[in-house]
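Hello,

I am passing a structure on to you, and you will find it just below. My notes on what turned up in it follow after that.

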Amino acid sequence: MKRILKMTLAILSLSASLFAANPNGATATNTVSGSIALQVSVNTAVRLSFAAGTTAVNGGAACALGGTVTVGGTPSDVSFNLGTVDGLGLSAPTCGGLVAAVAVGGTSATYATSYKITPEWSGFVAAAQANTVLTSAGFTNSTTLTPMEGTTAAGMTAIPTSGTTHAFLSGATGSGVTVERFVGVQVLNNNGGAAVNRFPSRAAAGPFTAGADAALITYTMTLQ
């Protein structure tokens with residue numbers, strides 16, 4: 001009698017375990033249904049992507065998109081290398097081109113390349129707009145070189161070190177829409193005894209050889 005009782009308890013215990021694991025059950029049928037709840041927490045998201053442009057500057061093809069370059073201890077996400085430039089506009093850059101010929105007595109030469117930028121956002125209201133502000137600490141040789149950017153090569157303006165004056169707005173339908181813009185450098189036609197004003201006398205810094213320089217341009221996109 002004791003042995004039979006033990007077996008019965010074991011069967012009842014097993015049935016109770018099955019019932020706890022799956023509360024949906026039925027008898028006299030070969031069909032049963034159940035459900036689960038899938039829960040997530042959704043964030044808003046923003047992203048900026050860069051690519052090489054397609055528009056030439058005075059016959060100079062757009063610069064290819066390069067990898068990370070460390071400028072002033074800060075690594076960039078991507079890079080563009082114009083190559084050799086000068087204050088008289090005589091040098092042929094590796095890519096991109098001279099925006100306009102420099103007249104005799106002209107104070108500077110400006111070189112540029114086209115590039116593409118794609119702002120993207122998700123999870124915002126339909127009326128959201130993206131405002132992208134550009135700032136730059138500038139070149140090490142800031143008395144000679146100025147970073148420039150704009151909607152056209154001829155219309156580029158200097159990128160400030162701070163503030164919100166250099167910006168462009170992406171409208172409510174602009175998420176994922178690629179825009180072509182231009183970025184470059186203005187080379188002042190100056191001379192002087194100080195090393196900070198002369199090339200290639202400046203001491204090499206970081207990955208750059210003497211006579212080379214780079215500026216880090218920061219794009220800050222805000223949804224509003």
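Strands β6 (residues 130-136) and β11 (residues 217-223) pair in the antiparallel sense, with seven bridges between them. One of the residue pairs here is asparagine 131 with its bridge partner threonine 222 in β11. Please keep in mind that this is a predicted model.

β6 also pairs with strand β9 (residues 167-170): four bridges join the two, and they run antiparallel. In this case alanine 130 has serine 170 of β9 as its bridge partner. Is β6 mostly covered or mostly open? It is mostly covered, as six of its seven residues are buried.

Now to the charged side chains. How many salt bridges does a search of the whole structure find? The search finds two.

One of them is between glutamate 149 and arginine 181, whose closest N and O atoms are 2.6 Å apart. Glutamate 149 belongs to strand β7 (residues 145-150) and arginine 181 to strand β10 (residues 179-188), so the salt bridge ties together parts that lie 32 residues apart in sequence. Glutamate 149 has a relative accessibility of 0% and arginine 181 one of 6%; both count as buried because they fall under the 20% cut-off.

In the other, the side chains of arginine 47 and glutamate 120 meet at 3.0 Å, N to O. This pair links distant parts of the chain, 73 residues apart: arginine 47 sits in strand β1 (residues 45-52) and glutamate 120 in strand β5 (residues 108-122). Glutamate 120 is partly exposed, at 23% relative accessible area.

Enjoy looking around, and best wishes!

Notes: Residues are numbered from 1 along each chain as its sequence is written. This is a predicted model: local features need pLDDT of at least 70, side-chain atom pairs count only at pLDDT 80 or more; totals for chains, interfaces and linings use all residues. Side-chain values use heavy atoms; hydrogens and water are left out. A salt bridge is a side-chain nitrogen of Lys or Arg within 4 Å of a carboxyl oxygen of Asp or Glu. Buried means under 20% relative accessible area, exposed over 50%, partly exposed in between (1.4 Å probe, protein chains only). Two strands pair if DSSP finds at least two bridges between them.
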